[in-house]
Structure formats: C-alpha cells, structure tokens
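Subject: Structure for you to look at

Hello,

Here is the structure for your files. Please open it alongside this message.

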Amino acid sequence: MSFRVSSRMRAALAAASEDQIIFDLAGIERAYDSLVSELPGISIRFAMKACPVDEVLASLARRGAGFDAASPGEIVQALGTGVPAGLVHYGNTVKSDRNIVDAYQLGVRDFATDSIADVTAIATYAPGSRVFCRLATTGAGAVWGLSRKAGCSGTDAVRVLAAAEEKGLTPSGLSVHVGSQQMTTAAWQDAFNRLTGVLIALSRLDIRIDHINLGGGLPALGYRDRAGHALNPPLDAIFATIRNGMCRLREIAGTPLDFIMEPGRHLVADHGAIRAHVSRLSSRRQLTGDREHWLYLSCGKFNGLYEIDQLQYRLAFPTHHDGHTVPAIVAGPTCDSDDTFGHEHNLVEVPEAVASGDPVWILSCGAYSTSYTTQGFNGFAPLPVTLLPSEQMAHVDAC
Ligand SMILES: *Cc1c(COP(=O)(O)O)cnc(C)c1O
C-alpha cells in the first residue's frame, strides 16, 4: 500500500497564500471507513491527542467513533461532539484522585489501569466503574516505542483485575499498545500472545472480561525516516495478523468478546498537510571546514512538526519543478538547534533557486502536529487550521 496526496489536498495547498495546516475531513473519514472494513467487528475510540481539532473529532463521531481520552480536559472535548459518555474511556493509566473524580462526574465509567494503587483510587472515586488492564509491550519495531511508562506484566494484570473485582469494580478488559508507527507484524503477534496467556489465566480464576482494547500503533503511510527513506509499513500484513489474533482470542474466551482499537496517527497523519514558506536557503562553512547548505522553513518543531527528530517529512516546492538542486539540512524558523530535521544519514535535495517567501508543502503531518504546537515559541504562532469539508458537508453544500 502506498501513499499519494489527494487532488483535493493538492488544490487546497495550491490555493493557500499564507502559512496554515490543512486537514482533509473526507480523507480522515475514508481512513476510518477503510479501517472498520479491514477489521470486521472493531469499534474505534480515536486517540484524541493525535489531532484534538473539534471538526476532526466531530467527523469521526458522526462516523460512529468514540474517544480515547487521557485527561478530564480531553473528556470534555470528546463530549462536546455529542457522543454519549459510554463511548469515551479514560485511556491513560496515569491519573490523580482529582482526575478520577472529574472523569466520573463527567459520566465516564471505563478506566484503563495497570496497578493496584490506581485500581484502589478508581474504586474509591469512581465506584462501580469498569476497568481494563494494560499489558506492557516492548515497543520493539515501532518508530516511537512506548514501553515502561504504562502497562504491567501478565501476572500483575491478573492480580490487578482480581483486586478490581474484590473492590466492587467490573474487571472488563485487557489492553495493549504496540508502540506508535509500529512497522512489524511480529510486535502484533507478540501482543496477541501476551493477551492469550492472560486471558487463559483469568478464566482459570473465573474472571470473564468482555473486551480487548488493541490500542494504537497503526502506521501512517506517507512518512520518511530520518535517513529520508520511505517507511512503507506492511499494513495489509498487519491487518491480517490482527484479524487472526482476534479470531484466536475469541475462540479461547468461550464467551462473547468485543474488540476496540484506539488509532491516532493512522487516521489523521496522511490527511493533514502544512503550507509553509521558505525563510532562507543559506550556505555556511562549519568549524569542521565543511560547507553546508541549510534550508530554514517558516514551520518546524515548535509550530507543527514536533516529530522532526524521527522523520523527514516529504517536502514539495510547487514553484520549482526543474532545475539544479543542492543537498541541504532542513530546519525550522526558531533559534533552537533542536528545531532541525533529522539528517544523520541523508540530506534533502532542495532547489538551488528557492527564494525567501516561496511556498513549501509539508506532507503527511496531520498527526501530533496541532497538539504538540507550542504557544508561540520565539514568537512563531501556532498555524491557523483550514478544514476541507467532509463528504457529508460537501453533499449538504450541493443541495
Ligand atoms: C497515544 C495513544 C494511542 C494512539 O497511538 P497511535 O500510535 O497514534 O495510534 C492509543 N492509545 C493510547 C493509550 C495512547 O496513549
């Protein structure tokens, strides 16, 4: 499966005369539809942090998605779409007593957990709620491994869910997160193996859970790694592995088992793009004696491209199709040296003739862009958001 920029997005980028981030709501809806058809029986809880833009959330809610919220603030935003509180869960294992009280008052009754201390607090401040226990994964094979901060061993998970039952909570499920932009089927296989082991151990104790939460980790298709190589994740094989895993878990459970997933990146990354401009292309001799070209853009780590240390986004220079190029290091507009694209192994070919003010399109940056934007670091304000209407709205317009 490969990635191409839609003609809608291309036209919107071409029409933009000022810097902005553009989200294609129809593209996001198509990504949602395609995911639920690839994984029959899955319910989606969008991981809000990947793109907490009201219109994006509303589009997904209209499609039937619920939300994976990580704080009372996200719960409030999720409920603002009109979804019932039953479609929102507290997916963050890290929460204070106060956070639990607030979530409970907002109507949330499903909580992620991974420790006895957290279960005890949930039993106190959200009595009678449902809890699902997150299993630790290694994060191997992912561009962003998420190991250690959340999740526990299988043995601990059994203890945690047994404790939940004792304290009057409903031990409702198990969850995993294989790491963000997971590139391998082996990581999914490993996650299903862990889930299988814990499901069997739980049934020996006669603890019957009703769902498995497969978390996030599904990849974007349009990324290039730090060396500038297309990532090309094996999405079809990943889906096949997940379908098989779901079948196997259902067989083992013996009782009905629902599946939910919390995609973030996969649904939005390829349907967001930034219109930026060239700040300056410069050439400087370094202390090593090497001459380096640096392309400074109006957008970088602090106003939309937080993940540039792991990714080289695809760039397009719409006013320079042919002509001589120079290998350059690409960086954002601030005076912070972290505000630089990864360039250890490969420089980016940049048209030598680019001039300050020329438009630059930065592709596949719809995930973790608005949420990781600073409050105007160095005075560079967050990018304004432009939304390309969803199919439903386009239809209404046509009436
Ligand atoms: C961040 C996060 C997600 C989304 O991860 P992606 O890799 O963007 O799909 C899902 N679930 C939880 C608990 C998360 O923290």
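Below are notes on the ligand site, followed by three loop residues.

Please keep in mind that this is a predicted model.

The ligand site

The ligand sits in the largest pocket. The shell around the ligand has 14 residues, and those that come nearest are Lys49, Ser180, Glu262, Arg265 and Tyr368. Sorted by class, this shell holds 6 polar, 5 charged and 3 nonpolar residues.

Three side chains place a polar atom by an oxygen atom of the ligand. For serine 180, an N or O atom of the side chain is 2.5 Å from a ligand oxygen. For lysine 49, a polar side-chain atom lies 2.8 Å from an oxygen atom of the ligand. For histidine 177, the corresponding distance from a polar side-chain atom to a ligand oxygen is 3.0 Å. On its own, the ligand has 390 Å² of accessible area, and the protein covers 90% of that.

Two residues with positive phi

Most residues other than glycine have a negative phi. Two residues here are listed for a positive value.

Aspartate 206 has a phi near 65°, which is positive, and it is not a glycine. Aspartate 206 belongs to the loop that runs between α8 (185–204) and β10 (211–213). Is aspartate 206 buried or exposed? Aspartate 206 has a relative accessible area of 54%, and exposed means over 50%, so this residue counts as exposed.

Asparagine 378 also has a positive phi, near 60°, again in a residue other than glycine. The loop that contains asparagine 378 lies between β17 (359–362) and β18 (385–388). The relative accessibility of asparagine 378 is 40%; partly exposed covers the range between under 20% and over 50%, so asparagine 378 is partly exposed.

A buried loop residue

Alanine 269 is in the loop between α10 (265–268) and β12 (272–285). Which class does alanine 269 fall into by relative accessibility? Its value is 0%, and buried means under 20%, so alanine 269 counts as buried. The C-alpha atom of alanine 269 is separated by 8.9 Å from that of cysteine 51, although the two residues are 218 residues apart along the chain.

When you go through the model, the ligand and its contacts with serine 180, lysine 49 and histidine 177 are one place to start. The loops holding aspartate 206, asparagine 378 and alanine 269 can be viewed after that.

Regards

Definitions and conventions: Residues are numbered from 1 along each chain as its sequence is written. This is a predicted model: local features need pLDDT of at least 70, side-chain atom pairs count only at pLDDT 80 or more; totals for chains, interfaces and linings use all residues. Side-chain values use heavy atoms; hydrogens and water are left out. A residue is near a molecule or strand if one of its heavy atoms lies within 4 Å of it. A polar contact is a pair of N or O atoms within 3.5 Å; within protein, one must be able to donate a hydrogen and the other to accept it, and residues adjacent in sequence count only if both atoms are side-chain atoms. Accessible areas come from the Shrake-Rupley method with a 1.4 Å probe; for residues, only the protein chains shown count as cover. On a 1 Å grid over the protein atoms alone, a cavity is a set of points where a 1.4 Å probe fits but cannot get out, and a pocket is an open set with protein on both sides within 12 Å along at least five of seven lines; lining residues have an atom within 4 Å of a point. A molecule sits in a cavity or pocket if more than half of its atoms lie within 2 Å of its grid points. Ala, Val, Leu, Ile, Met, Phe, Trp, Tyr, Cys and Pro count as nonpolar, Asp, Glu, Lys and Arg as charged, and the others, Gly among them, as polar. Helices (H or I, at least four residues) and strands (E, at least two) are DSSP runs, numbered from the N terminus. Buried means under 20% relative accessible area, exposed over 50%, partly exposed in between (1.4 Å probe, protein chains only).
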